[in-house]
Amino acid sequence: LLFCTPRPSGRGGGLAIVFKNQFNCRLLYLDQFEMQLIKVGTVNPLLIALVYRQPKINRDFIPEFADFLSNTMPNFDHILILGNLNIHVCCPSKPLVSEIMHLIESFNLTQFTTGPTHKLGHTLDLVLSCGFPICNMEVIDACLSDHSAILFDSLLSLLATNSHIPVRCSRYLNSSTAHKFSQALIAAPNACTIEASPPHLSTEELTSLFYTICSSILDSIAPP
């Protein structure tokens, strides 16, 4: 299956996420920078954000990205952020590098991409995650693009989407139940034990004994 989000203006561009239909994925919408947002699963879901930042200098990107993280991180335990940010994180002196690295650290995100991801030798494509394990990462030549393909493995549990209503036990009581209960309590072999109990029994022990007798009688006259 495919989620495709064309660029709202200009020629070309856009984002797409391809996924297997065994995953319960839902496309979310956010009116900010160029980003595709999907939620995977319904119980303790995974949030995936696919981001593209155009290479031209845009100082609004950092505060907008910070707002997105501030509004998103508290609501999800598992987050995966992918995409081409066109920020040369391999070159600390380049524009926006210190700002983006500070955001990554501040929000407890882990950046996994190492080595060049562009034909000119820079690291532009990032893989960020929080609470979502990443392993076996590999950067390979995609042949069709000036950017490399980034492959990695992770474990995504398919959580059940159907919630089960808990089973509650109950007893059927009617007007005759009280009479039956009184008669059974009087006739109970251990009923006299409460009235003439040894002095060494504590209040808790007497309460436990009384509860046991009553439960046994209820189980016989009004089973759950």
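Which residue of β5 does Lys39 stand opposite? Lys39 stands opposite Leu47, and I would like to use that pair as our way into the fold, with the reminder that what we have in front of us is a predicted model.

Let me begin with how far the model can be read. The average pLDDT for the protein is 81, and 86% of the residues score at least 70. The exception I want to flag is the stretch of residues 158-167, over which pLDDT stays under 50, and for which the model has 8 contacts beyond four places in sequence. Where pLDDT is low, the predicted coordinates should not be read in detail, and I will leave that stretch aside.

In outline, the protein has 5 helices and 10 strands, and of its 224 residues, 32% are buried. It exposes about 14,600 Å², of which carbon and sulfur atoms supply 56%. If we take the contacts between residues at least 6 apart in sequence, 52% of them join residues that are at least 24 apart.

Now to the sheet. Six strands form an open sheet with mixed pairing, in the order β3-β4-β5-β6-β8-β7. At its edges stand β3, residues 25-28, and β7, residues 110-111, and because each has a single partner strand, one side of each is left without a neighbour in the sheet. On the β7 side, the pairing with β8 is antiparallel and consists of 2 bridges, and here Gln111 stands opposite Leu128 of β8.

Coming back to our opening pair, β4 and β5 run antiparallel and are joined by 6 bridges. They form a hairpin with 5 residues between the strands, in which Gly41 takes a positive phi near 85°. On its other pairing, β5 runs parallel to β6 over 7 bridges, with Ala49 having Ile81 of β6 as its bridge partner. Together with α1, these two strands, β5 and β6, make a right-handed β-α-β unit. As for cover, 6 of the 7 residues in β5 are buried.

What, then, makes up the interior? The largest nonpolar core has 29 residues, and the members that touch the most others are Phe61, Phe65, Phe68, Ile81, Ile100 and Leu109. At least two residues each come from β4 (35-40), β5 (46-52), α1 (61-72), β6 (78-84), α2 (97-106) and β8 (125-130), and α1 gives the most, with 6 residues. A second, separate core has 16 residues, including Leu27, Ile38, Leu50 and Leu80. To return to one member of the largest core, Leu109 touches Leu69, Met73, Ile81, Ile104, Leu128, Ser129 and Cys130, if we leave out residues up to four places away in sequence.

I will finish with the loop between β6 and α2, where two residues have backbone angles that deserve a look. Asn86, which lies in this loop, has a positive phi of about 50° although it is not a glycine. Leu96, also in the loop between β6 and α2, has a positive phi as well, near 70°, and is likewise a residue other than glycine. Are these two residues buried or exposed? Asn86 has 14% relative accessibility and therefore counts as buried, and Leu96, at 4% relative accessibility, counts as buried too.

How values were computed
Residues numbered from 1 in each chain as written. Predicted model: local features only at pLDDT ≥ 70, side-chain atom pairs only at ≥ 80, totals over all residues. Heavy atoms only, no water. Core = buried A, V, L, I, M, F, W, Y, C linked by side-chain atoms within 4.5 Å. Buried < 20%, exposed > 50% of the residue type's maximum accessible area, 1.4 Å probe, protein only. Helix = DSSP H or I, 4+ residues; strand = E, 2+ residues; numbered from the N terminus. Contact = heavy atoms within 4.5 Å. pLDDT = per-residue confidence, 0-100. Pairing = 2+ DSSP bridges. Right-handed = clockwise from strand over helix to strand, strands pointing away. Areas by Shrake-Rupley, 256 points an atom, 1.4 Å probe, with all protein chains shown as cover.
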